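User: I am new to this structure and would like to understand how its descriptive terms are arrived at. Could we go through them one at a time?

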Amino acid sequence: MNNILEVKNLNVKFDTTQGEVTAVNNISFNIKKGECIGVAGESGSGKTQTFFSITGILSDNGKATGEVIFNNLNLLDLNERELTKIRGKDIGFIFQDPMTSLTPHMKIGDQLTEVSIYHDKKSKSESTKKAKEVLDKVRLPRINNLIKKYPHELSGGMRQRIMIGISLMCNPRLIIADEPTTALDVTTQKDILKIFSDLQKEKITIALITHDIGVLAEVSDNIIIMNEGSIVEKGKTNKVLVTPEHDYTKHLLSCVPEWLK
Amino acid sequence: MIQLLFKRLTIAIPTLIIIIAFVFFLMRLAPGGPFTNERALPPEIEQKINETYDLDKPIIHQFGIYLSKTLKGDLGPSYKYKDFTVNELIASGFPVSITLGLSAILLSLFLGCLLGIIAAIKKNTAIDYAVMGVSLVGICVPSFVLAPILSLIFGLYLGLLPISGWGNGSIYNLILPVISLSLPQIAIISRMMRASTIETLNSDFIKTARSKGLPKNRIIRKHVIRASILPIIDYLAPATAGLMTGSIIIEQIFGLPGIGRYFVVGALQRDYTLVSGVMILYASLLMFLILISDILRVLLDPRVKINDE
Amino acid sequence: MMNNDKNEKLIKKALSVKGTSLLSDAFKRLIRNKASLSGLVILSIITLLSIFGPYFLKFDFYETDWNSIYLPPDFESGHYFGTDGNGRDLLVRILYGGRLSLTIGVIATLVSVLIGVTYGTISGFFGGKLDITMMRIVEILYAMPYLIFVIILMVIFGRNIYLLFLAIGAVEWLTMARIVRGQTISIKEKEFIEASRSLGQSSVFIILKHIIPNLAGTIIVYITLMVPSVIILESFLSFLGLGVQEPLTSWGVLISEGSRDMETAWWLLIFPGLFMVLTLASLNFIGDGLRDALDPKDY
């Protein structure tokens with residue numbers, strides 16, 4: 001059983017003032033242990049909502065149906081309390097905008113340690129030790145100083161690395177990164193991607209959501225292409241990017257400048 | 001921090017002087033002096049009175065005398081209560097008013113924030129509607145309507161609470177006045193807190209906190225409250241101003257021997273020094289409160305640097 | 001080719017969507033909001049009653065009748081809401097009081113709006129040192145207990161009714177000034193202002209033609225929220241005996257009289273109180289509704 005995550009017939013619908021909107025339309029896919037899978041598509045393709053629904057952080061007016069098998073459980077059947085035990089511990093999440101994703105009034109150290117204090121019941125000092133290890137892993141300098149700082153004192157790139165660090169605190173089985181490089185400038189992007197490469201080499205399972213094909217080309221083993229709530233193509237990165245089969249994929253790829261490919 | 005205090009003081013003192021001047025000259029503008037309502041007095045006596053109260057000197061001179069005395073803390077003699085100085089009158093009413101005011105501030109802040117957070121967390125449920133309903137009452141039923149009604153119900157019909165008088169500061173005498181006084185502020189603060197908390201709950205960093213799998217209590221205690229309370233700090237001074245205003249009415253309705261009562265009487269009788277004195281007291285208190293809210297802001301929001309404006 | 005057909009279909013679809021103007025959209029949302037709709041209805045009823053009601057009643061508001069003092073509400077005698085200690089009919093006094101309270105509400109608010117908008121747009125538009133100074137003044141005034149100011153003003157200049165309008169208005173402008181300044185600053189940054197400037201239009205022109213119309217929505221919302229506090233302020237004053245003078249009456253005066261007699265004549269407090277509360281609640285609902293209508297957030 002070497003699938004970390006198995007998604008079967010997932011549907012996500014939202015109740016809006018204009019009626020019911022289907023964001024994700026009956027998709028199925030698997031994520032194997034240790035692979036880095038890229039999920040690509042335009043804005044509104046449903047890629048983010050897919051993973052939000054997996055971890056149960058959909059907005060109140062959203063409803064997900066289908067099967068999401070993780071740890072031998074269907075996540076969609078679990079209640080909020082059971083889900084909170086899995087989030088942060090077995091599944092780590094990295095969000096898009098590092099400038100607003102960290103709590104402004106808490107020190108960096110506390111934002112890291114609280115994860116393992118609550119999930120692994122570690123003591124403050126054990127947690128701090130782990131926090132420092134994790135910050136080292138994401139290549140941040142002057143760690144002892146860093147943990148006493150507040151988010152607004154750090155750059156976007158640093159904050160995003162801290163986000164990655166937070167997701168690693170409890171040695172999760174799966175990390176979901178939602179557009180982790182989109183809000184960053186190109187040089188910082190490269191640095192972040194290097195970190196993902198490192199993680200990939202350690203065989204940490206990653207789901208990388210992005211609309212930037214270049215990013216996927218660099219890091220992911222396999223790719224899923226989504227459009228308007230459905231999966232249009234999936235397969236090994238190299239194969240899909242070089243010999244796309246579906247029209248939409250071709251269209252998506254045609255938008256990438258030649259010299260990048 | 002010292003920098004902040006210093007900066008505030010350098011603004012506060014000139015402001016206070018301006019207010020003193022404003023009140024002084026405004027009162028002098030009023031037709032008739034403090035003694036014109038009484039029977040006509042023989043000229044020698046009138047002259048003596050003018051001398052005693054410095055009314056015969058040029059107005060700038062009068063102001064100078066008044067200003068220097070005030071800054072030393074001497075608010076002068078009351079024009080109407082001839083045997084008392086303003087300081088004495090204020091001192092007699094002060095304990096009552098400060099107890100009333102302080103209780104009201106604390107109650108308003110505590111209940112207001114608590115109700116606001118609860119309403120936000122339980123948004124669009126019965127609890128939310130209930131809290132917002134109470135808040136609506138606080139906004140739409142002015143204190144001078146609410147206070148008599150509450151007195152009627154709890155005082156007369158149910159006989160539970162005294163409806164007037166201070167009773168030597170007994171807590172029973174405080175209950176109705178404090179509640180009537182605080183309710184409008186509780187209403188406003190709970191609404192602000194609710195809106196602020198909702199905004200915080202929708203923010204990205206709370207999404208992060210949720211994705212960390214932290215228990216809801218922890219998220220609220222450590223992440224939500226401190227972020228949501230910031231707008232309330234800005235409202236602290238206006239809230240107090242509102243309570244000061246309200247206390248004048250409440251003291252009247254419940255017959256409490258506080259400063260507000262002296263103010264109204266003084267205003268109606270053109271007791272210059274008394275009215276100025278009370279006004280200056282209120283203004284100083286407010287400035288002190290603005291200072292406190294600045295300090296609180298620096299303490300609670302690490303993004304605010306001390307020399308930021 | 002497939003592309004052309006697809007394009008044609010898209011263009012057709014785009015053209016078929018009928019645009020709604022901002023105002024009509026906002027209005028529709030306002031009406032749909034049940035609370036603000038009821039607020040509008042109730043407010044209209046009270047206003048109409050206050051203006052026209054007295055003509056249909058047989059008593060005058062100053063008419064005393066020593067044989068009918070402290071009568072409880074009673075259909076037969078025609079005193080639908082009862083009488084006060086001077087035998088005056090309560091209903092007609094409430095309606096007259098309504099005229100006054102509502103008029104003060106509107107006029108004083110207009111005064112505040114005038115002062116506040118002027119102050120705020122100047123401060124926000126010209127920025128710099130002028131802005132800092134002007135806002136400093138507002139900050140200081142904002143924290144002053146306004147009632148005390150007004151009382152002092154009333155004492156000095158006498159209890160003239162027109163002065164009351166001015167005095168209250170002159171105190172309430174602060175909030176409006178602050179809000180207007182904030183909005184002016186964000187509008188000022190928009191590109192169409194730059195465009196206007198590059199066409200050589202004068203500052204005054206820009207303020208009048210571009211900035212103020214864009215402020216309209218915000219101003220309207222705040223008007224509906226200021227009127228209640230003006231009414232309350234006037235009532236406070238009247239309650240203390242510093243507001244309107246006999247024989248004129250306002251809700252504040254009536255409530256003040258009513259609370260003195262409430263043990264024996266509950267109607268003297270409850271009915272004026274009810275009118276006041278309904279008016280304030282309606283204004284608040286309308287204001288909330290307007291705020292949602294002009295800037296919808298799904299709360």
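**Reading the terms in this model**

Analyst: In chain A of this predicted model, strand 4 and strand 5 form a hairpin with two residues between them, and Asn71(A) in the turn has a positive phi of about 55°.

User: What makes strand 4 and strand 5 of chain A count as a pair?

Analyst: Two strands pair if there are at least two bridges between them. Strand 4 of chain A is joined to strand 5 (residues 73–74) of chain A by two bridges, so the requirement of at least two is met. The two strands run antiparallel, and Ile69(A) stands opposite Asn74(A) in strand 5.

User: How do you know that strand 1 of chain A pairs with strand 4 of chain A?

Analyst: The reasoning uses the requirement of at least two bridges, and here eight bridges join strand 1 (residues 3–16) of chain A to strand 4 (residues 62–70) of chain A, so the two count as paired. They run antiparallel, with Val12(A) standing opposite Ala64(A) in strand 4.

User: Which strands stand at the edges of the open sheet in chain A, and why are they called edges?

Analyst: The open sheet has six strands in the order 6-7-8-3-9-10, and its pairing is mixed. Strand 6 (91–94) and strand 10 (230–236) of chain A each have a single partner strand, so one side of each is left without a neighbour in the sheet, and these two stand at the edges. From one strand to the next, the twist averages 15°.

User: What joins strand 9 of chain A to strand 10 of chain A, and what packs on the sheet there?

Analyst: Strand 9 (residues 222–227) of chain A is joined to strand 10 by six bridges, and the two run antiparallel; Met226(A) stands opposite Ile231(A) in strand 10 of chain A. Helix 10 (residues 247–254) of chain A packs on the sheet and touches both strand 9 and strand 10, its direction making about 100° with that of strand 9. Helix 6 (residues 156–168) of chain A also packs on the sheet, touching strand 6 and strand 7 (174–178), and its direction makes about 170° with that of strand 6 of chain A.

User: Why are helix 9 of chain C and helix 10 of chain C called oblique to each other?

Analyst: Helix 9 (residues 203–240) and helix 10 (residues 251–260) of chain C pack at an angle of about 45°, with their axes 7 Å apart. Angles under 35 degrees count as roughly parallel and 65 to 115 as roughly perpendicular; an angle of about 45° belongs to neither range, and the two helices are therefore oblique to each other. Their crossing is right-handed. Residues making the contact include Glu234(C), Phe236(C) and Phe239(C) of helix 9 of chain C, and Trp251(C) and Val253(C) of helix 10 of chain C. By class, the residues of this contact divide into six nonpolar, four polar and one charged.

User: How do helix 6 and helix 7 of chain B cross, and which residues make the contact?

Analyst: The axes of helix 6 (residues 143–157) and helix 7 (residues 171–201) of chain B come within 9 Å and cross at roughly 145°, and the crossing is right-handed. Among the residues in contact are Leu146(B), Leu150(B) and Phe154(B) of helix 6 and Ile179(B), Leu183(B) and Pro184(B) of helix 7 of chain B. The contact residues divide into nine nonpolar, three polar and no charged.

User: Which chains share the most contacts, and how many pairs of chains are in contact?

Analyst: There are two pairs of chains in contact, and chains B and C share the most contacts. In that pair, 33 residues of chain B are in contact with 29 residues of chain C. Helix 10 of chain B gives the largest share of the side of chain B that touches chain C, eight residues, and that side divides into 29 nonpolar, three polar and one charged.

The contact of chain B with chain A takes 19 residues from chain B and 24 residues from chain A. Helix 8 of chain B gives the most to the side of chain B that touches chain A, with seven residues, and that side has six nonpolar, five polar and eight charged residues.

User: How do you know that chain A and chain C do not touch?

Analyst: Contact requires C-beta atoms, placed from the backbone, to lie within 7 Å. Chain A and chain C do not touch, and their nearest C-alpha atoms are 10 Å apart.

User: Where in chain B is confidence lowest, and where is it highest?

Analyst: Confidence is lowest in helix 2 (residues 43–52) of chain B, at a mean of 69, and highest in helix 8 of chain B, at 92. Chain B averages a pLDDT of 81, and 87% of its residues score at least 70. Where pLDDT is low, the predicted coordinates should not be read in detail.

Note on methods:
Residues are numbered from 1 along each chain as its sequence is written. Chains are lettered from A and ligands numbered from 1 in the order in which they are written. This is a predicted model: local features need pLDDT of at least 70, side-chain atom pairs count only at pLDDT 80 or more; totals for chains, interfaces and linings use all residues. Axes are lines fitted to C-alpha atoms, for helices over the stretch in contact, and angles run from 0 to 180 degrees between N-to-C directions. Helices (H or I, at least four residues) and strands (E, at least two) are DSSP runs, numbered from the N terminus. A crossing is left-handed if the near helix is turned anticlockwise from the far one by less than a right angle, and right-handed if clockwise. Ala, Val, Leu, Ile, Met, Phe, Trp, Tyr, Cys and Pro count as nonpolar, Asp, Glu, Lys and Arg as charged, and the others, Gly among them, as polar. pLDDT is the predictor's confidence in each residue, from 0 to 100. Angles under 35 degrees count as roughly parallel, over 145 as roughly antiparallel, 65 to 115 as roughly perpendicular and the rest as oblique.
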